[in-house]
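Biologist: Please take one part of this model and go through it closely. I would like a single connected account that starts from one residue and works outwards.

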Amino acid sequence: DVETLEKFVTGTYKFPETELDLTVMTRNEYYKKKEEERKELKGKLRESAVAAAIATAGDATADEELKYENGCVLAFDKCAEDTTRESLKEIFGKAEEIQWVNFAKGESMGKVRFTSPGGAERALEALLKESESTTVKIDGVEATCTVLSGDAEEEYYREVKREVAQAKAHTRQSRSNQYRHTGRGRGRGNKRRGGGSY
């Protein structure tokens, strides 16, 4: 009968002699299972491609010549728990224009990059003169500030360049995936929407 047939086509049968299991399913269940496996494999391949692109971008910057202005980066080792990038800009940007702040709320240290060469030293001197102290207070917390130079300065800019290259590689991969999924600019039959020619 139908009930017996349904039980048969959805069962799993064991063969002790061969240590094999035989799973019997309907055609629709089989196609559904294969589609899920295909999607899983496609996702893994996409993740591998992104990881490879990011790794390649990072390696590509390792031997490239770095070009940067000296004396622009100021590092600090302490700050308040509620310190933000905006408050850091207010503190360090009084005397010198800030180009970028490497910091996220909740972290205890970070770096401030100024626009002009030597800007880090001038900003630090202005802060110490204003506070009439030998230390800088960041939102009430005394911090030691250091102007990066030599190897430390070079490593900072190398890391920045590496992060930019990796971000660009990730963006290119994401756009490529989006284009494949949406078929942007194409209609049925792989024709350009709206007609006409390029």
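Modeller: Isoleucine 138, in this predicted model, touches Phe76, Lys78, Cys79, Ala80, Thr83, Leu88, Ile91, Phe92 and Ala143, leaving aside its neighbours within four places in sequence. Ile138 also belongs to the largest nonpolar core, a group of 19 residues, where Ile138, Phe76, Phe92 and Phe114 have the most contacts inside the core. In soluble globular proteins, nonpolar side chains tend to be buried together.

Several elements give two or more residues to this core: β3 (73–76), α3 (85–92), β4 (98–102), β5 (110–114), α4 (119–131) and β6 (136–138). The largest share, four residues, is that of α4. A second core, separate from this one, has six residues, among them Cys72, Val73, Ala75 and Leu148.

Next, the sheet. Its four strands run in the order β4-β5-β3-β8, with antiparallel pairing, and the sheet is open. β4 and β8 (145–147) are at the edges and have a single partner strand each, so one side of each has no neighbour in the sheet. From one strand to the next, the twist averages 20°. Between β4 and β5 there are four bridges, in the antiparallel sense. Asparagine 102 lies opposite lysine 111, a residue of β5. The helix α3 packs on this sheet, where it touches β3, β4, β5 and β8, and its direction is at about 135° to that of β4.

The other helix to consider is α4, which lies across β3, β5 and β8 and runs at about 150° to β8. Does its length fit its residue count, or depart from it? The 13 residues of α4, at 1.5 Å a residue, should span 18 Å, and the end C-alpha atoms are 18 Å apart, which agrees.

The buried residues of α4 are Gly119, Ala120, Ala123, Leu124 and Leu127. Viewed down the helix axis, the buried residues of α4 fall within an arc of 130°, so they line one face of the helix. The cover over these residues includes β3, α3, β5, β6 and β8. Just after α4 comes glutamate 132, which has a positive phi of about 55°.

To return to the starting point, Ile138 is in contact with Leu88, Ile91 and Phe92, among others, and α3 (85–92) and β6 (136–138) are both among the elements that give two or more residues to the largest core.

Notes: Residues are numbered from 1 along each chain as its sequence is written. This is a predicted model: local features need pLDDT of at least 70, side-chain atom pairs count only at pLDDT 80 or more; totals for chains, interfaces and linings use all residues. Side-chain values use heavy atoms; hydrogens and water are left out. A nonpolar core is a set of buried Ala, Val, Leu, Ile, Met, Phe, Trp, Tyr and Cys residues joined through side-chain atoms within 4.5 Å. Buried means under 20% relative accessible area, exposed over 50%, partly exposed in between (1.4 Å probe, protein chains only). Contact means heavy atoms within 4.5 Å. Two strands pair if DSSP finds at least two bridges between them. Axes are lines fitted to C-alpha atoms, for helices over the stretch in contact, and angles run from 0 to 180 degrees between N-to-C directions. The expected span of a helix is 1.5 Å times one less than its number of residues. The arc is that of the directions from the helix axis to the C-beta atoms.
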